[in-house]
Amino acid sequence: MQPTGTAQRTAQRTPQRPAQRIALVAFPGIRAFDVAVIAEVWGVDRTGRGAPPFELRRCAPDRAPVRMPGGLTLAPDQDLDWTATADLVVVPGVDDHLAPVPEPVLDALREAHRAGVPVAALCGGAFVLAQAGLLDGRRAVTHWNLTTLLSAAHPDVEVVPDALFVEDDGVWTAAGVAAGIDLCLHLVRTAHGAEAAATIARSMVTAPFRTGTQAQFIEHPAPTADDREASDTLAAVRERALRRLSEPLTVADLARWAGMSPRSFARHFTATTGTTPIQWLLDQRVAAAQQLLERTDLPMPEVARRCGFGSEVTMRQHFAARLATSPRDYRRSFRAVG
């Protein structure tokens, strides 16, 4: 039987794309959770579902098993030299944030950055990049509970106090735990498009799109019954808005659906999602446009209309601000073969 539809497009395009080469930097003390996130995003073959191919390698100073907290070990399969030939280098978080990192690891990270390879660190991995000097004079983020420590230990780093992930000159850093997943999916989205990231997110049963500018979810008092009711109401409003993105929605519209005043709605929305209603709407419109540009041949004005931008000019402005590209260039880069 010949494949049809999506399966046919997948069969056509998978052999044509070289695997993206991902280097996971391993040394004693890296966190098992972050290693698992990296392996789940880039180490699972999902080409049968339309995801791009990846070649994930575990790079260490030698091939000896790397011990991680919790009694786990990781088996390296490449030396550190491989990092300079990779397409992306990813550093897991570390258990001891002030412990000296092996000098060969720091040298390998410096060499990869000099070679133009993007370097990303999850959570406390920012301290590793800081030891390598890669964050000097650059913006960086880490877990909210570690920002003061990072600033004190590395005063040349411009620590962003409250964001999920940031990028500065090809160096990426992410906040704690779940934000590492957000960054990994964003890096997939940047290299391969929104549909590829969404495919991996669906497989992981996680949210496919949280922007780096969203606030970290820091400690809050235990929610009351009223808080939980408001959260459920806001979730229903977001779902309704996603079904009606083509309409010129305003904060007043969303607040009316929630039965709140616009000011109260905006306050509850930001507390629940970490972003404002307007920013959330714009992010969803851009994400919807990305998927239409990848999946369809719809003309630009129609894409803009369906996603609620009102005009192609407005859509182009928001693509430039968020993605540093135009809708037309985005389509040329990520349009599915078929």
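**Reading burial and aromatic pairs**

Author: Welcome! Let's start with one residue: F334 is buried, with a relative accessible area of 16%. Please keep in mind that this is a predicted model.

Reader: Thanks! How should I read that percentage, and where is F334 placed?

Author: A residue counts as buried when its relative accessible area is under 20%. F334 has 16%, so it falls on the buried side of that cut-off. Its place is in helix α14.

Reader: Which residues touch F334, leaving aside its neighbours within four places in sequence?

Author: With those neighbours set aside, F334 is in contact with R189, T190, A191, H192, G193 and E294. There is also a C-alpha distance to look at: F334 and L293 are 41 residues apart along the chain, yet 8.0 Å separates their C-alpha atoms.

Reader: How do I read that sort of contact for the chain as a whole?

Author: Look at how far apart in sequence the partners are. Among contacts between residues at least 6 apart in sequence, 65% join residues at least 24 apart. The chain itself has 14 helices and 11 strands.

Reader: What share of the 338 residues counts as buried, and what does the chain expose?

Author: Of the 338 residues, 49% count as buried. The exposed area is about 16,000 Å², and carbon and sulfur atoms supply 52% of that.

Reader: Now to the rings. How many aromatic pairs does a search of the whole structure find?

Author: The search finds five aromatic pairs. One of them is F165 with W172, a tilted pair with 6.5 Å from centre to centre and 50° between the planes. Both partners are buried: F165 has a relative accessible area of 6%, and W172 has 13%. Another tilted pair brings us back to our starting residue, since Y330 and F334 lie 4.7 Å apart, centre to centre, with 50° between their planes.

Reader: Where in the chain do Y330 and F334 lie?

Author: Both are in helix α14, four residues apart, which is about one turn of the helix. Y330 counts as buried too, at 4% relative accessibility.

Reader: Which residues form an aromatic cluster?

Author: F265, F269 and W280 form one.

Reader: How do I judge burial for a whole helix, say α7?

Author: Count its buried residues. Helix α7 runs over residues 194–204, and nine of its 11 residues are buried, so the helix is largely enclosed by the rest of the structure. The buried ones are A194, E195, A196, A197, A198, T199, I200, A201 and M204.

Reader: Which elements do the buried residues of α7 pack against?

Author: They pack against α2 (32–42), β2 (54–60), α6 (178–192), α11 (277–295) and α14 (327–334). α14 is also the helix of F334. After α7 comes V205, and its phi is positive, near 55°.

Reader: One last topic: cysteines. How many disulfides does the structure hold?

Author: A disulfide is a covalent bond between the sulfur atoms of two cysteines. This structure holds zero disulfides. For the burial of individual cysteines, C123 counts as buried at 7% relative accessibility, and C307 is buried with a relative accessible area of 1%.

Conventions: Residues are numbered from 1 along each chain as its sequence is written. This is a predicted model: local features need pLDDT of at least 70, side-chain atom pairs count only at pLDDT 80 or more; totals for chains, interfaces and linings use all residues. Side-chain values use heavy atoms; hydrogens and water are left out. A disulfide is a pair of cysteine sulfur atoms within 2.5 Å. Buried means under 20% relative accessible area, exposed over 50%, partly exposed in between (1.4 Å probe, protein chains only). Helices (H or I, at least four residues) and strands (E, at least two) are DSSP runs, numbered from the N terminus. Contact means heavy atoms within 4.5 Å. Rings of Phe, Tyr and Trp (its six-membered ring) pair if their centres lie within 6.5 Å; planes under 30 degrees apart count as stacked, over 60 as edge-to-face and the rest as tilted. Accessible areas come from the Shrake-Rupley method with a 1.4 Å probe; for residues, only the protein chains shown count as cover.
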